[in-house]
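Work through the exercises below with the sequence and the model at hand. Each task is followed by a solution in steps.

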Amino acid sequence: MPAIANVTAESAVSINPATGEEFARYEFQRERVWDRSLAQAHAGYRLWAAEPITQRIDVLRRMAGVLRRNLDRMASMATREMGKPIVQSRAEVEKCATLCDWCAENGEAILADEKTSIGDQAYISYLPIGPVLGVMPWNFPYWQAMRGAAGIVLAGNAYLLKPAPNVMGCAYLLAEAWREAGVPEGVFSILNLTTDGVSKVIADPRVAAVCVTGSVRAGSAIAAQAGAALKKSVLELGGSDPFIVLADADLERAVQAAIVGRFQNNGQICIAAKRIILEKPIAEEFTRHFVDEAAKLIVGDPINEATYIGPMARFDLRDELASQVDKSIAEGAKLLLGGKKLDGPGNYFAPTVMAGVTPAMTVFREEVFGPVASLIVANDTEDAVRLANDSEFGLNGALWTGNKDLARRLARRIDTGGLFINGTSASDPRVPIGGVKKSGYGRELSYFGIREFTNAQTVWFDRS
């Protein structure tokens with residue numbers, strides 16, 4: 001089957017990846033339309049920034065309630081547009097509501113004037129800067145947008161969401177939720193733009209900053225445009241996260257965590273466990289159990305409650321994944337499970353496990369965005385750290401060991417924005433997320449994310 005495109009010259013196209021059927025088109029906005037949105041965002045920001053923070057907190061609290069009331073409707077749209085199993089879609093919407101709860105509970109303290117060591121003579125205020133453009137992906141159509149938007153809006157800014165073309169339905173449901181929560185006009189808007197339209201919006205003086213979650217190529221291009229306009233950018237880009245299992249780890253728990261870390265959301269997660277690095281003494285046993293568990297994963301219609309692996313979100317990405325697997329086998333990787341597209345009208349790829357992977361192989365060097373696990377054997381702990389760092393990416397990682405002191409020491413040597421000891425990579429409102437190297441810069445979530453798009457203004461009384 002040829003790849004089915006989610007974009008035409010005129011429109012973004014919603015295609016159900018479980019069936020290959022198109023069910024909606026959204027015409028790209030002409031300049032007069034998005035120009036009006038920018039004008040509304042700038043005017044809305046001015047009014048919103050002048051509101052007391054208690055008013056903004058009330059909107060976040062209401063937003064949490066709106067999301068929960070509309071959970072099933074929003075989850076169904078995500079499942080239909082990008083193939084996420086329905087149980088995981090519901091969890092995504094609930095996670096967005098939890099984020100709003102956390103921001104409402106903690107936002108006033110995070111954005112309060114901060115004392116300095118100078119005493120009462122000087123303090124720091126965290127002030128809004130203006131409309132922020134968010135260029136967001138499709139793999140978590142609600143969470144990725146809300147992860148930045150909640151803090152940006154709470155800080156008094158406006159948020160302009162440019163969604164991925166294949167999840168426009170989700171984007172408009174999210175905008176509807178913000179309106180129901182009572183956010184003023186222009187404070188949360190949808191921009192359905194071409195690449196050229198994005199460039200023009202970034203250059204527009206009414207836009208203060210840009211945040212991007214997506215590929216290295218997209219992030220690099222957008223960051224260059226933002227830099228040329230002297231605007232701040234925050235990038236969360238690709239990842240090839242290491243999942244390190246040392247010889248003293250709890251093997252049963254590590255296997256189960258690796259299954260979730262690699263195959264959740266059909267493996268289409270930036271912080272998925274993409275390179276599973278096994279210390280030699282336990283490599284064979286881990287591999288055997290991991291393959292057994294991967295073979296049990298239920299592949300099927302994502303609307304079915306029992307389904308764990310649904311279709312890949314886009315047909316072109318399935319073709320790219322198949323190419324990566326084929327190249328790696330030709331390079332010497334051993335296929336233990338899956339490794340192929342599944343027959344039928346939907347965009348399915350079999351859960352796949354590859355062993356004997358080395359740094360010279362495609363699945364090691366490139367980001368693999370789909371249900372493909374790569375198993376790599378390390379000679380010892382030092383070799384495991386070396387392999388983990390042998391990547392152009394540095395988003396998240398996981399380390400499994402029974403020795404907490406060793407874990408703390410190794411964590412300081414692993415080049416990632418986050419490291420999860422005896423767990424799987426995750427994003428949580430209470431801690432920041434972001435990467436190093438080609439995984440990007442800046443942070444979202446936690447107080448880092450809420451303050452990221454603010455003006456840290458120094459106020460100093462009478463220095464004389």
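Y159 has a relative accessible area of 0% and is therefore buried, where buried means under 20% relative accessible area, exposed over 50% and partly exposed in between (1.4 Å probe, protein chains only). The model is predicted: local features need pLDDT of at least 70, side-chain atom pairs count only at pLDDT 80 or more, and totals for chains, interfaces and linings use all residues. Residues are numbered from 1 along each chain as its sequence is written, and side-chain values use heavy atoms, with hydrogens and water left out.

**Exercise 1. Aromatic pairs**

Task: Classify the ring pairs W138–F369 and Y159–F188, and state where their residues lie.

Solution. Start with the rule: rings of Phe, Tyr and Trp (its six-membered ring) pair if their centres lie within 6.5 Å; planes under 30 degrees apart count as stacked, over 60 as edge-to-face and the rest as tilted. By this rule there are 9 aromatic pairs.

Step 1. The ring centres of W138 and F369 are 5.7 Å apart and the planes stand at 85°, so this pair is edge-to-face. W138 belongs to the loop between β5 and α5, and F369 to the loop between α12 (362-365) and β14 (372-378), so the pair ties together parts 231 residues apart in sequence. Helices (H or I, at least four residues) and strands (E, at least two) are DSSP runs, numbered from the N terminus. W138 is buried at 7% relative accessibility, and F369 is buried at 19%.

Step 2. For Y159 and F188 the centres are 5.7 Å apart and the planes at 20°, so the pair is stacked. Y159 is in strand β6 and F188 in strand β7 (residues 188-190), so parts 29 residues apart in sequence are tied together. F188 is buried, with a relative accessible area of 8%.

Step 3. Y159, W178 and F188 make up one aromatic cluster.

**Exercise 2. Two helices**

Task: Which residues of α1 are buried, and against which elements do they pack?

Solution. Step 1. Helix α1 (residues 31-50) has 20 residues and reaches 29 Å from its first C-alpha to its last, close to the expected 28 Å; the expected span is 1.5 Å times one less than the number of residues.

Step 2. The buried residues of α1 are W34, S37, L38, A41, G44, Y45 and W48. They cover an arc of only 140° around the axis, which puts them on the same side of α1; the arc is that of the directions from the helix axis to the C-beta atoms. The face turned away from this side carries the exposed residues R32, R46, L47 and A50.

Step 3. The buried residues of α1 pack against α2 (53-69), β4 (119-128), α5 (143-154), β6 (159-162) and α7 (195-203), by contact, meaning heavy atoms within 4.5 Å.

Step 4. In α7, the buried residues are G197, V198, V201 and I202. Down the axis of α7 they fall within an arc of 135°, so they line one face of the helix. Their packing partners are α1, β5 (132-135), β6, β8 (209-213) and α8 (216-228).

**Exercise 3. The surroundings of S14**

Task: Is S14 buried or exposed, and what is S14 in contact with?

Solution. Step 1. S14 is found in strand β1 (residues 11-16). S14 has a relative accessible area of 0%, so S14 is buried.

Step 2. Leaving aside neighbours within four places in sequence, S14 is in contact with E21, E22, F23, A24, Y26, E81, N166 and G169.
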